[in-house]
Every structure is written in structure tokens, then in C-alpha cells.
Amino acid sequence: MSKSYQEQDFEKYIESRLTANEYDSLPTEAFDRERGIFPDVVVSFVQDTQPEQWAKLEAAYKDNARQRFLQDLTAALESRGTLYLLRHGLRTTGTTIKLAAFQPNTGKNPEVQRRYEENRLGITTQFYYSPTDTGQSIDLALSVNGLPVATAELKNPWTDQTVEDAKKQYKSSRDPGDPVLKFKRGALVHFAVDTNNVAYTTELDGDDTHFLPFNKGHENGAGNPPREGEHRTAYLWEEVWAKDSWMEILQRFMHIDTEEIYQDGVKVGEEETMIFPRYHQLECVRQLVSSARENGAGEDYLIQHSTGSGKSKSIAWLVHRLVSLHDENDEAVFDGVIVVTDRTVLDEQLRDTIYELDHKTGVVHAIKGENQSKSAELAEALDAGKPVIITTLQTFPHVIEHTQNLPERDYSVVVDEAHSSQSGEMAHEMKQILSGIDLDEDADAEDALVEAAETRGKQENLSFFAFTATPKAKTLETFGTVPENGEDPEPFHLYSMRQAIEEEFILDVLEHYTTYDTFYNIAKVIEEDPQVPEKRAKKAVARFLKLHPHNISQKVEIIVEHFRNHTQHRIGGKAKAMIVTSSRIHAVRYKKAIDEYVENNNYDLGTLVAFSGTVEDDGAEYTEQGMNDGIKESELPNVFDTPEYRVLVVADKYQTGFDQPLLHTMYIDKKLSGIQAVQTLSRLNRTHPGKEDTFVLDFENDREDIHDAFEPFYEKTTLDEKSDPQHIYQLEAELDSLRIYTQQEVDQFAEAFFDPENNATEETHAKLSSYVQPARDRFMAASEETKEEFRSKLRSFIRLYKFQSQVVNYADTDLEKLYTFGRFLYKELPKASGHSEVEFDDELALQYYRLEKNSEDSIDLNGKGGGVSSPTETGTGSQSDDEVELSRIVDRINEELGTDFTEADQLFLDQLKEDALDDEHLRRSAQVNSRENFALEFDQALTEMFIDRMDQNKELFAEFIDNDEVQDAITRHLRQEVYEESQPAES
């Protein structure tokens, strides 16, 4: 019987595949642990490939050339790092010694190609690397010319270990201070690998080490597809680690990002990050480059990459490759690259990335229009043949116009996803710039881009590379790739929302989604019934309702109290929220109402508002800067990032392209549909340490509409268990009954965890662990049936409590204790599949109108819904605005909003009384309370019952709400009747 399933067999198999493809097997004994290199390989590479440079070393250092060279190399590794030396060589004794040779852009210089072929790639298994802990080894190491560039821990699920165990091994038993593991100075990337999955990190930092998935994706989700007769992860050693691929990654992809760190506006330091491409980025750039090299200019490419995909890096790598791309005849494919973006940060990122890769400045030229018009500056840059030109979407049409006059030149146009809502006037400006193009009222930057390209026709000297997370139908039609079978166009490359979520690059914003249905009572307040234009009147009445002070004030109370009770303590007390409103005046009134409510209640809650231009309301004028105490529009994103401000009210701004990882909750009071819904809600999906979930409270939209908006881009299937708020207690009881843990262990854990003196010390960690381990031991000793039941119920409890506690204020310390204890215990248990879902049906009644909680749970997507639809000509023309009676307009709005009020209900009061008598809680309250105490509960309940039945007698309802005398008379009468008839009969 074969036993070739051990980890060592996996290791030997990878080694055999690499040594069969241009790798040398290097013994671990050849490694110098102190220097962190293979000295014999490095020296022989230099001597054999650069004899003249080595001769200079010998002349300078006499008989000590080898020793002095290794000393200089070790010092340079410490100061400059491995990647720098591989790219730019070692300067010593007045000469530069190359430590690696990379493939040339063209085949015109055979000598450069010959030097490339002389590179020596090595693989070492059972790699003993530590100078201090001589028994420590890593399963595998890769080197280039004697310099280690990668390590890998290999795991085999057949021996009960996976990629997660490899990650833990790197975190817990690898010293980041050892030369070969030291950031920048040693290996550049570290892989955790099993037969199904791959992950990597570029910096080891103990428990804070952060691994990223490096998987191909499977059926638009996470993981890897099956391979016949091979491991699912074989692409790693067969494709990625193959010589040409691996050397290209070192030459054209890996680089150092430097971020300046500021505190209170003062620079306090810099933070460096080693960038290694994720698999979809590597694949996308390579496929685009390959197609462009083969097909030349005149082709269009649509890249659908979800938020969280690292689009900026993908664009930078692509631009860098396109600048120097040559075809099989060694001719340049493009004469220049034009990048179209609204993000000024991309300018800096492109400059930094290209400089890191090539050490060249002046490659990137941004069109800023400082000394002349942008169109004139663009024309000059094109005429001058600038390698990379960055321009905005507004200037983009001039690119097409001017390149038409340069038919002898070929350009690649890389289009970053337009972030039009950062500027409230952008759509208007585009309409002026794109004269002659008919854009509808809902047009955005993407529409303008498509229209500009379509109107001027396809040009053979332009290739478009369009990046977007949410392509519209016309974008697909214009830039999409038509399959050979002639079916509908599709993206050239896809990284879906589903994969981004499953790989934990973004959060699922639909997991905790709550919608409200608003029912208005529209009462005609004037005796006349004038003839008015129907559409204008409907719009005016609806606007009146939305802006009514009672409407906004009620929602403000819900929003502020929800934020204070359920959001502000999230993300370590840093969580922020956004209120999305339907208009500028709506935003103004929200801001005023929130400030008034916060002041009246003496709350500490800083708010900001974002809208464009000047808003007139009630005879006063408002501007964004004025309402924000003088904060300039350009400063607002940075100010909102400070701890002082927690809530941002927006009107058509910051709903796309706004990156605020602390944004946890969104309150929506605006109709959203299609791509706008996806882009708006996606502001929540950024990850951040401590950010475990997001929350949406939607006053305006139906779940079905949100589902339909996300479905074409999402592709996620879940089957969740539904429950009500009381289900959490049922789960608690069922967990207790399984006797895996004791209440004493839960209490002890909570006492240590919530101890104010807890400073996250090693002693506290040990104490917490000791309280969890007994429960883990009981779990491991339990039957398989009990294990499965406990694991499933604990997961359901954790997920349900995490969500419901955002909505229902349980104020139950026992639940909080069990939740905290359970989270840590669950991490100790073997993983299992399955989901749970929660749903509430409780109702929240508000005075003056009913605000009914419709549903609270996750919106599940399965990727099988309809796609985006192309606009048709039907319904686009203007229709006559027929005049109708105002009363009919009121009736129609009632119908559209779901109220459908009726005229006759002469038994209305009797029915209300019967409702009250049928309410067991009210009857019991009448039996055990005095009339005075009963009044406290009954009067509020009666208002709610009136609201519930307001559609049955709108006139009486209006009188009850608006007339205090009528309300008092009805309340006294019904209260007395219900109280007396609820008393038990005398025996």
C-alpha cells in the first residue's frame, strides 16, 4: 500500500518539479546563517558573469577579495535590502556588481539575453536558517544567485494540517530578526502552502503577521479549481515560480511602498510595505500585456475588479509594462500611455511605483492646467511624446480629438473607475465639455466616458483598458470582449465581489441589512381642489412629505440613538456612520435636526455635512463650509478621519470613491437602484483591524431592489437560519444543556477579559487561555453528534448576537459574557460549514406617521440573477403633463406608498376598543394596575393602534393626531371602557 501522502512527499514533489525546470537543488549546509546568503553561489555567479568587475575587487582587496566582497554585500543587505541589490546591484570599489540579470524589453541586444540566461535559481528543502536556534528549519526556500528571495511552509491536509497551520507556524515559531527572515534584508516573501490553498506575507511580525490569499479563484469565489492528476496549488510552482515568471515578478512587480505617518498634522515618521502582487493582479496584468503585444493598438479591454482588488496597483503595474512593451518584431506597441482618473492620489502612486521599479523620474506627466488650459497642456504633452500622461475625465474627450490628428502614433488609454460624486458639479461640467452628446439626467462619469468613445468612433491607434467594479450595460457593449461563440460581451478579466468578500479583502455590506417602509397619511389641507400638472404635483407632494419636520425629526431620533447604542463603540470606539440623503436641502435639514437633537440631549457627537453649492431654505442660505464651521471642502475627508467627527451627512457626494475604513454604519434616506446602490453601499466594505461587520438601516428601499442591484456583480449563495429576537435565549439554553462549558468558566473569563487593569499582557493571555481550555477538552472528548451540534449552535449564537445586539438593546450581561467567551472558544474548535440568518418582525410606531420595520437580516445573493440592462428608447421621450384634481393625486400617492386609505369606517372606535381588549398584555395591565398607572401604558398603545388603523378613517386619524381636544376625549373614553371591561368578573 502506498504511503506517499506525508508532508515530506509533498516537499520532494515540488523540489522535483522545480529542478526539472531550471532550478538547482542547493543543500542547506551551503547556507551561511550569519550572513543570510549562499556565499559560494553568490561569489561564483559574480566571478563567472562579471570577470572584469571581480578583477577590480581583487586588485583593490588583494588576497582578501572574497571576504571583503561578502562583508560589503552583507552590509548592503542590511542598509538597502535584497530587492534593491537584485535590481540595481552592489556598488563597491568604484564599480557596480550586478547580482541578477533581467530579461530585456527587446531582443535587439543578445548580450543582455545571455546574461539573463546565466541567472542561477536555487531551491533548498529542509532549510536550516537560524544562527541562534540551530534546530529551526523551514520546509522550502528559493534563492536567486545565492540570495534567498522566498520561503515556504508546506502542509498536507491528509496529515491533518492546512495552510492555516503554516500561517500559525510563521507567526509563532519564526524569529523576524533572523537574517533570512528580516524585513527587506532577507527573503522578500513567505508562502503558506497546502495542496488546496496558498497564502503569503511580505513581513513577519509575530502574531501581527498579516497573510493574504494567493489563490486563482474557483467559480468566481475563493479557492482554486481542481486540476486533473495534480494538486490544486500546482500553479504556484509550475507557473508562478517558473524562472521567467519569477524573475519578472522580482523585476516588474515587487516594490517598496512608503507611507508618511502624520500625527496632529505633523510628520512623525514613515512606514514601509513590501508589495507582492495578489494572484488576480498578476494574472490580469500578464494577460492584458500578452494580448496587447499580440494584437497591437485598436483593441478594447474591460477589467471588472471588485473594490478591495487593489485596482490602483494593477493599474500602476499595467502602465509600467505598456510604456516599454514591444511586439515580436521588437517594435514599440504604444507610443504613450494615457491614464484617465479622477483620483489625484493615483498620480503619486504611479510616480512612486514606476520610480521604484525603474529608478526613473519624469516618466509621469499629470495634466493640471496651472499655467494654461488643460486641453492645451494635454495637446503639448501628446505632441512632446510624454511616456505617461495622467488626465481627468473632463479632459478625456480632448484626448480622442487630439489623437485623431496623430494617426501615426499609437496610444493605450487606461481608464480608472470614475469617482464622479466627489464633485457635485462634475456631471454638469461633463455635459458642457462633451458638447453634442445627449446624456440623460442620471448619467455619471462612466456614461460620459462611453458616450465620448462611441460618438467619436473606434480608432485603430487607441487601445482602451477600462477598470471598473460595476460595469454598466453600455460599458460592457463598448469595451467588453465578445466570445468566439458570438454571445454577449463579457469582461476580459474578472475579480468578483464574491471572491473579494470570501478572501476577506472587503466586508459583506448586505449581511446585516435592515429596511423600513414608510407609510404616510397624506391629508388635503386646503378646501380648494385646483387643477395642477400631475407629475409636478406628485413630485411636490412627495417632496413636502420627505422634508416635513416630523418626518426628519423622527428619523434623526432613530439614527442618533441607534448610533449611540449600537455603533459608536464598534471598531474599538472609533466607528463612524454616513447618512445618505436624497437632496441638498434634505441634507441641510438633517444636519440642523441632528445638531439640535444632540444639543438638546447633551450628547457628544460631532457631525459634518457634504453638499455642493448654496442651498436656500426658509429664507436662509446654507453652504457646506458654513455648516461645517469653516472646514473647507478639500479638507473635509481628512477632518472626518479625526476622532472628533463620527457622522457624515451627504447629498450626492462621497457615495463613490470615498475610502474611509472606519465607516461602519450607513443610514439611507434616498432611493437607490442599480449601480448607484452598489457603489453607495460599497463605501462600508473597507476592512480595518477590529471591524468585524457593517450595518445598514434603510428608510427608503426595498430589499428586492437592493438584491437585484447587487446580483449581477456579487455571486454569493447563502442559506441562513432565520430567527426572532427571542431565539438568542433559546440558543443560550441549548448551549448550556450540552455541558461543554460551565458558567463558572464563562464568568471567570469575562471577569479577566473586562478587567479595567487588563493591559493585554502575556499573563492575561495565559489566564484567558486557561479558562477556555477545559471547555475545548470536553468538546474534543464528546461524541461526533454532540460536537457537530455544539459547534453549529455556538456559531449561530455568536453570529446572531453580534447582529441583534446592534438593533436590540438586550442589556443582558450574561449574554455578553457568553458571546465574549464563545468567540474565543469557537476559534479553538475545528471549523465547520453552515450559516445562520436572523430576522425581526417587531414594529416601531412613530407619531404623525407609521415607520414600520419591514425586515432585518442578510440579503442573500447567488449570482443567478439578471444582468445589467441596456437603456432602451421606450419611455425616454417627454410625456404630456396632464392636469388632474389634487385629491386624485393625493389618493394616488397614498396608493404608491402602500397606505390605500378608505372613506367609511363608522365602527372605527369600537374596533379600536376590541383590538385593545384582544391584547392580552393590555388586559393584564388593566387588571394589575390602578387607572392612573394603566393610563401610562394604554395612551401610548392607543396612538399606535390609531396609526395601525389610520387607513380606515383618515379624517378621524388626522383629527386625533392634530387636535389635542379630540385626542383627549377619545383617549379618556376608550381608556375607561377598556379598563372596566378588562376587570375579572365578580364571583
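Let's start with strand 26, residues 663-669. Strand 26 is mostly covered: 7 of its 7 residues are buried. Keep in mind that this is a predicted model.

Who are its neighbours? Strand 21, residues 576-581, is joined to strand 26 by 6 bridges, and the two run parallel. For a landmark, find Met666 in strand 26: Met578 stands opposite. Strand 27, residues 695-698, also runs parallel to strand 26, with 4 bridges between them. Look at Tyr667 there. Its bridge partner in strand 27 is Leu697.

Now to the sheet that begins with strand 1. Here 7 strands form an open sheet, and the order is 1-4-5-6-7-8-9. The pairing is mixed. Which strands sit at the edges? Strand 1, at 23-25, and strand 9, at 212-213; each of them pairs on one side only.

Take the pairs inside that sheet one by one. Strand 5 covers residues 137-144 and strand 6 covers residues 147-154; they pair in the antiparallel sense over 5 bridges. Ala141 has Thr151 of strand 6 as its bridge partner. Next, strand 6 and strand 7 pair in the parallel sense, again over 5 bridges. In that pairing, Ala150 stands opposite Val189 of strand 7.

Stay on strand 7, residues 189-193. Is strand 7 enclosed or open? All counted, 5 of the 5 residues are buried, so strand 7 is largely enclosed by the rest of the structure. Both faces are covered. On one side you have Val189, Phe191 and Val193; on the other, His190 and Ala192.

On to the helices. Helix 13 spans residues 374-384. Its buried residues are Glu377, Leu378, Ala379, Ala381 and Leu382. Note that a glutamate, Glu377, is on that list. Right after helix 13 comes Gly385, with a positive phi, near 75°.

Helix 31 is next, residues 813-828. How does its length check out? With 16 residues at 1.5 Å a residue, helix 31 should span 22 Å. The end C-alpha atoms are 23 Å apart, which agrees. There is a bend, though: about 25°, at Gly822. Gly822 is also one of the buried residues of helix 31. The others are Leu815, Leu818, Tyr819, Thr820, Phe821, Leu825 and Tyr826. One reminder for reading that list: an α-helix has 3.6 residues a turn, so residues three or four places apart point the same way. Leu815, Leu818 and Leu825 are worth picking out on screen.

Phe753 is in helix 28, residues 743-753. Buried or exposed? Neither, quite: Phe753 is partly exposed, because its relative accessible area is 26%, and buried would need under 20%. Lys767 lies 14 residues away from Phe753 along the chain, and their C-alpha atoms are separated by 9.3 Å.

Last topic: empty space inside. A search of the whole structure finds 4 cavities of 30 Å³ or more. I'll show you the second largest, with a volume of about 40 Å³. What lines the second largest cavity? Met497, Ile501, Ile506, Leu507, Val509, Ser682, Asn685, Phe710 and Tyr714. Two elements give two or more residues to this lining: helix 18, at 497-502, and helix 26, at 703-714. By class, the lining has 7 nonpolar and 2 polar residues. No charged residue is in the lining.

Terms used. Residues numbered from 1 in each chain as written. Predicted model: local features only at pLDDT ≥ 70, side-chain atom pairs only at ≥ 80, totals over all residues. Heavy atoms only, no water. Expected span 1.5 Å × (residues − 1). Bend = angle between axes of the 7 residues up to and from the residue. Buried < 20%, exposed > 50% of the residue type's maximum accessible area, 1.4 Å probe, protein only. 1 Å grid on protein atoms, 1.4 Å probe; cavity = no way out; pocket = protein on both sides within 12 Å on 5 of 7 lines; lining within 4 Å. Points joined across faces, edges and corners; volume = space filled by probe spheres on them. Nonpolar A, V, L, I, M, F, W, Y, C, P; charged D, E, K, R; others polar. Pairing = 2+ DSSP bridges.
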